[in-house]
Amino acid sequence: MNPSTSLPDAKLAPQADSSVLQIFGGHRLHGHVKISGAKNSALVIMAGALLCSGDCHIRNVPLLADVEKMGQVLSALGVKVSHQGDILDINASNITTSKAPYELVTQLRASFFAIGSILARLGVAQMPLPGGCAIGARPVDLHVRGLQAMGAEVQIEHGICNAYVPNGGRLKGAKIYLDTPSVGATETLMMAATLADGETIIENAAREPEVADLANFCNAMGAKIHGAGTSVITIEGVPQLHSVDYSIIPDRIETGTFLVAGAITRSDILLSPVVPDHLIPVIAKLREIGVQIIEEAPDCLRILPAETLKATYIETLPHPGFPTDMQAPFMALLTLAEGDSIINESVFENRLRHASELNRLGADIRVKGNTAFVRGVPNLSGAPVIGTDLRASAALVLAGLAADGQTTFQGLHHLDRGYDRLDIKLQQLGAKIKRVNEVSTPGVTSNGSTPPVTIAN
C-alpha cells in the first residue's frame with residue numbers, strides 16, 4: 001500500500017492496452033475522494049528540474065503513465081530519478097547528453113517542453129517533435145520563435161528540433177509576444193529565461209494555474225519570476241538554481257472529473273484537497289446545470305445530488321475560461337440533462353470524437369464542425385465503447401457509471417496517462433467497476449460489437 005494516499009500502488013502495466021474496464025452502472029457514489037497532484041504541473045516541473053544542478057524533492061506527484069515516461073526521458077539524459085509513493089527525487093547535476101530519445105518524446109508532448117531547460121543549462125538541445133493525444137494541431141512554432149528571440153539558433157530537420165546558443169554563450173533576455181496564449185510555449189520560454197542573461201518579458205502568456213505552479217517551483221529554487229498567472233510574465237535571469245523541496249498543486253481536471261462523476265450519478269461525495277479558485281468556470285457551469293456544490297473547507301468541496309439536470313451552453317476557452325479538458329466529461333453529463341445543450345470546442349479542432357461513442361450508450365448528439373448539439377435523453381444503456389484520447393476516455397467512464405447495465409470500456413492506456421488510479425478511486429466511492437484482461441477471440445471486432453472474453457485480474 002502507498003501510505004500517502006491509502007490507495008494500492010498500481011503497476012503501470014505494459015499490458016494496459018489489452019485491458020478493459022467493466023462498469024456496471026446505475027449505482028450512486030458516496031464518501032471522500034483524495035485528489036492527486038496536477039498531471040500538467042508534474043510533467044513540466046519534472047522538465048524544470050533540469051534547470052537545477054542539485055537535488056529536487058517533489059511531493060504530491062501523481063502515479064501516471066505519463067509521469068513514468070517523463071522519468072524515462074530524464075533518465076535517458078543522464079538524470080537520476082527515483083519515485084516512491086507520491087514523492088519524486090530528481091538530480092540533474094550531470095546531464096550526459098543534450099539529445100532526448102525519439103521513441104519517448106514522440107509519445108509524450110510535455111517532454112518537448114524540456115528543450116528550454118536543456119538549452120538554458122547546456123547551450124545546446126536536440127528534441128524530437130512531440131506526440132501525445134491526437135486532439136488537433138499543437139505546433140511548436142511559438143516555442144521556436146521565442147527561443148530565437150533569446151538568441152538561439154533553431155532548425156527543424158527530419159522531425160528533430162536542433163537548438164544551440166552561438167559561441168557557447170548563454171541565452172539573452174528578450175521581449176516576447178505570443179500570438180496565442182500557449183501553455184507549452186509559455187512554460188518552455190519561462191524555463192529558458194530563468195538562466196538567461198538579463199530580463200525576459202512574455203506577453204500574452206498563458207494564465208493556467210499550472211504555469212503559476214511551475215513559476216513557484218522555479219522561484220523556490222532561486223529563480224526570479226514575476227506575474228505568472230497573469231498575461232505578462234517577467235523573468236530576471238540568474239546564474240544558477242539551488243536544491244528544492246516542493247509540493248505540486250491538486251489536479252483541477254481530476255477534481256472536475258469527480259465533480260461530474262457525482263453529478264451524473266446523483267451522488268453526495270466529498271473531494272479534497274482542492275483549490276476552488278482553479279475551478280471557477282467548472283463550478284459555475286455545474287451550478288447552472290442544477291448541481292449544488294458546497295465549499296466545506298477552503299480545500300474541500302462537497303457535491304450534492306440534483307433533482308434534475310438542465311441544458312446549457314459551453315464554449316471552451318484558455319484559462320480562466322471553461323477548460324477544454326473538461327469538455328468531454330461535461331458532454332457526458334449533458335446527455336442526461338433536460339433540453340438541448342450546445343458545446344463549442346474552440347481550443348482544439350479534433351476533440352469531439354467521443355460524441356459517437358456516447359451515442360453508442362444511447363445519447364443523442366450531433367456534431368457539426370467544432371460544435372456538438374446534445375439533446376438530453378431519459379437514460380443511457382451500457383454498451384462496448386472505445387476511448388479516443390485521455391479526456392474522452394474519462395467521459396465514457398462517467399457515462400458508464402450512469403448507464404443501465406454493463407459498459408465495457410477499451411482505451412485504458414489513454415486513461416492511465418492522466419488519471420491516478422481512477423478506477424480504484426471510483427471503487428472506493430462504491431462504483432461497480434473493475435479492470436480485467438481481455439483475451440483475443442477470433443471473429444471479435446475491435447469496436448466491441450461482440451463482447452470480448454475477459455478474465456478478472
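**Helix packing, a small sheet and the annotated helix α1**

The axes of helix α5 (residues 141–149) and helix α6 (residues 183–194) come within 8 Å of each other, crossing at roughly 25 degrees. An angle under 35 degrees counts as roughly parallel, and α5 and α6 are therefore roughly parallel to each other. Their crossing is right-handed. On the α5 side, the contact is made by Leu-142, His-143, Gly-146 and Leu-147. Helix α6 contributes Gly-184, Ala-185, Thr-188, Leu-189 and Ala-192. It should be kept in mind throughout that the model is predicted.

Attention now turns to a sheet. Three strands form an open sheet in the order β6-β8-β7, and their pairing is antiparallel. Strands β6 (124–128) and β7 (153–157) stand at the edges; each has a single partner strand, so one side of each is left without a neighbour in the sheet. On average, neighbouring strands of this sheet are turned by 15 degrees against each other when direction is ignored. The pairing of β6 with β8 (residues 160–164) is antiparallel and extends over five bridges. Within this part of the sheet, Ala-125 stands opposite Ala-163 of β8. A helix also packs here: α4 (residues 114–122) lies across β6 and β8 and runs at about 160 degrees to β6.

Helix α1 is of interest for its annotation. In the unreviewed UniProt entry, the annotation "binding site" covers Lys-39 and Asn-40; such annotations may be inferred rather than shown by experiment. Lys-39 is found in helix α1, and Asn-40 lies in helix α1 as well. How accessible is Lys-39? Its relative accessibility is 8%, so Lys-39 counts as buried, the cut-off for this class being under 20%. Not counting residues up to four places away in sequence, Lys-39 touches Pro-62, Leu-64, Asp-66, Asp-251, Leu-390, Arg-391, Arg-417 and Gly-418. The list includes the acidic residues Asp-66 and Asp-251 and the basic residues Arg-391 and Arg-417.

Asn-40, by contrast, has a relative accessible area of 29% and is partly exposed. With neighbours within four places in sequence left aside, Asn-40 is in contact with Glu-210 and Asp-325.

Ser-41 is also found in helix α1, which spans residues 39–48. The relative accessible area of Ser-41 is 0%, so this residue is buried. Leaving aside neighbours within four places in sequence, the contacts of Ser-41 are with Glu-210, Asp-213, Ile-248 and Ile-249. Glu-210 thus appears among the contacts of Ser-41 and among those of Asn-40.

A last site lies in a loop. Ala-363 sits between α11 (354–360) and β19 (364–368). Is this loop residue buried or exposed? Its relative accessibility is 10%, so Ala-363 counts as buried. When neighbours within four places in sequence are left aside, Ala-363 is in contact with Thr-335, Leu-358, Val-377 and Leu-380. Along the chain, Ala-363 and Asn-350 are 13 residues apart, and their C-alpha atoms are separated by 20 Å.

Terms used. Residues are numbered from 1 along each chain as its sequence is written. This is a predicted model: local features need pLDDT of at least 70, side-chain atom pairs count only at pLDDT 80 or more; totals for chains, interfaces and linings use all residues. Side-chain values use heavy atoms; hydrogens and water are left out. Two strands pair if DSSP finds at least two bridges between them. Helices (H or I, at least four residues) and strands (E, at least two) are DSSP runs, numbered from the N terminus. Axes are lines fitted to C-alpha atoms, for helices over the stretch in contact, and angles run from 0 to 180 degrees between N-to-C directions. Contact means heavy atoms within 4.5 Å. Buried means under 20% relative accessible area, exposed over 50%, partly exposed in between (1.4 Å probe, protein chains only). Angles under 35 degrees count as roughly parallel, over 145 as roughly antiparallel, 65 to 115 as roughly perpendicular and the rest as oblique. A crossing is left-handed if the near helix is turned anticlockwise from the far one by less than a right angle, and right-handed if clockwise.
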